[in-house]
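Here is a short report for a reader meeting this protein for the first time. Please look over the sequence and the model before reading on.

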Amino acid sequence: MNALLRAALSRMIHTGTLKITDSAGKTRTFGDGTGEEFHFRINTAAAERRIAFDPSLHFAEAYMNSEIDVLQGDIYDVLKLIFENTGATAAKEPWMLALEGIRRATRRLHQMNNLTRASSNVQRHYDLSEDLYRLFLDTDMQYSCAYFERPDATLEEAQLAKKRHIAAKLLVEKGHKTLDIGCGWGGMGLYLARHLEANVTGVTLSQEQHGIANKRAFEEGLSSQAQFNLQDYRTINDSFDRIVSVGMFEHVGIGHFSEYFQHTARLLKKDGVFLLHSIGRSDGPSYTNAFIQKYIFPGGYIPALSEVLPHIEKAGLYVTDIEILRLHYADTLRIWRERFMANRDRAKAIYDERFCRMWEFYLAASESAFRWQNLMVFQIQLAHRQEAVPFTRNYIEQEEKRLKRLECERSSANSQVKTQESIAGR
């Protein structure tokens, strides 16, 4: 085994049992021999050298390119053992520290998301096949952190609870002009239009999401209340009673935070409410993981709250509420990963083996980062005026209960319509 890699692993893995077979066929064991044994093989000497030099990028690439095969357990098990040993930090070898310094110094360059580049970056991920996303997302196509009110909640229940929780914080009333920045496949906006009779404008840079969201609005008879545009939020010049953004802020880039909050402050009416839902870092500013930057979310960045709040203050907005969702995304990603693996053959038929390995690693590493490293989700409620929302948080629970009743009433009404249509069709 490459000497640098062997030395780094010896310093890094203290507990558990990790066996690694190198390209020469020799097997070494790292850890204290406790727990379940996991074992992977590195198939080429070149992969060993690359992993030793830059594990954050090349370990993922080697797995993706079949230069690594897991022989006992799976890639999630291997990452779990590594992350449990390293915590929020990887091994700090001198050359790794140098790479980290370069990535910190150049992060703004990678996150220069002007109108053209932002569109291109979003399309690389979100314009993948709809059929792929349907293999692992819930029926409403929510591609962001769910909200588990109960540990045993299904993904569908938890994603519905997420939309309900956000809607309760928005305090939407009938007819409110509402902007959904980064609307995805339309689920959040349609929820607000369906249950609260809001007039929703959603914007996305993904052509796939744009088409599907409008199709869904048409099929539900909500086209007059919910329109979804293929548009960058920075080109909007209007005013809104409510603004919501779920899972989009991660694509803004650190050099554009001021632009984001200055513009949304202009779009938000003086008595309006804005709810921002985003992945965040709990341990301070950093840089985007090299594998994620190169293959999954180019141009993306997960911020620390310390990087976000100063720009909110400078935009003249009040923070009226902050909530941290800790392990909710880990549980969301676990279900996505399990569903993806259950449908792996279908994903391979859509793309290929390399793609499947890339997504296995992406989902497993993301879940691991939320469980054992430094990632969480924050929801920040913003307003121009302190009195725009109630003085205590009791209203959130009260509104959630009301929304549950509305959901049940609509579900019951839809069931009655379907029954009548079935009888009429006989």
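Is Arg371 buried, partly exposed or exposed? The model is a predicted one. In it, Arg371 has a relative accessible area of 27%. Arg371 is therefore partly exposed, since that class lies between the buried limit of 20% and the exposed limit of 50%.

## The pair Asp331 and Arg371

Arg371 does not stand alone. Its side chain meets that of Asp331 in a salt bridge, at 2.9 Å from N to O. The pair links distant parts of the chain. Asp331 sits in helix H14, residues 328–342. Arg371 sits in helix H16, and 40 residues separate the two in sequence. Asp331 is partly exposed, with a relative accessible area of 22%.

## Other salt bridges

The count for the model comes to 36 salt bridges. One of them joins Lys80 to Glu84, with the closest N and O atoms 3.1 Å apart. Both residues belong to helix H4, which covers residues 75–86. They are four residues apart, about one turn of the helix. Lys80 is partly exposed at 28% relative accessibility. Glu84 is partly exposed too, at 42%.

Another salt bridge runs from Glu149 to Arg164, and here the closest N and O atoms are 3.5 Å apart. Glu149 lies in the loop between helix H7 (130–134) and H8, while Arg164 lies in helix H8, so the pair ties together parts that are 15 residues apart in sequence. Glu149 is partly exposed, with a relative accessible area of 39%. Arg164 has a value of 5%, so Arg164 counts as buried, being under 20%.

## Glu360 and its surroundings

Helix H16 spans residues 353–372, and Glu360 has its place there. Is Glu360 buried or exposed? Glu360 is buried, with a relative accessible area of 8%. Its side chain makes a polar contact with the side chain of Tyr63, at 2.7 Å. Tyr63 is also among the contacts of Glu360 beyond four places in sequence. The others in that set are Ile75, Phe340, Met341 and Arg344.

Glu360 also takes part in a network of salt bridges. The other members are Arg41, Asp69, Arg344, Lys348, Glu353 and Arg357. Arg344 thus appears both in the network and among the contacts of Glu360.

## The cavity

How many cavities of 30 Å³ or more does a search of the whole structure find? The search finds one. About 520 Å³ of space lies in this largest cavity. Its lining is made of 38 residues. Closest to the centre are Gly182, Cys183, Gly247, Met248 and His251.

Which elements supply at least two residues each to this lining? They are helix H6 (115–126), strand S5 (177–181), helix H9 (187–196) and strand S6 (199–204). H6 gives the largest share, five residues. By class, the lining of the largest cavity holds 18 nonpolar, 17 polar and three charged residues.

## The second largest pocket

The second largest pocket has a volume of about 540 Å³. It is lined by 17 residues. Asp140, Leu160, Arg194, His195 and Glu220 are the closest of these to its centre.

Three helices each supply at least two lining residues: H8 (155–170), H9 and H17 (394–424). H8 gives the most to this pocket, with five residues. Which classes make up the lining of the second largest pocket? It divides into two nonpolar, five polar and 10 charged residues. Helix H9 is named for the lining of the pocket and also for that of the largest cavity.

## Glu100 and Gly211

One more residue is worth finding in the model. Glu100 lies in helix H5, residues 94–110. Its relative accessible area is 17%, so Glu100 is buried under the 20% limit. How far apart are Glu100 and Gly211 in space, C-alpha to C-alpha? The distance is 40 Å, and the two are 111 residues apart in sequence.

Notes. Residues numbered from 1 in each chain as written. Predicted model: local features only at pLDDT ≥ 70, side-chain atom pairs only at ≥ 80, totals over all residues. Heavy atoms only, no water. Buried < 20%, exposed > 50% of the residue type's maximum accessible area, 1.4 Å probe, protein only. Polar contact = N/O pair within 3.5 Å; in protein donor to acceptor, adjacent residues only side chain to side chain. Contact = heavy atoms within 4.5 Å. 1 Å grid on protein atoms, 1.4 Å probe; cavity = no way out; pocket = protein on both sides within 12 Å on 5 of 7 lines; lining within 4 Å. Points joined across faces, edges and corners; volume = space filled by probe spheres on them. Nonpolar A, V, L, I, M, F, W, Y, C, P; charged D, E, K, R; others polar. Salt bridge = Lys/Arg side-chain N within 4 Å of Asp/Glu carboxyl O.
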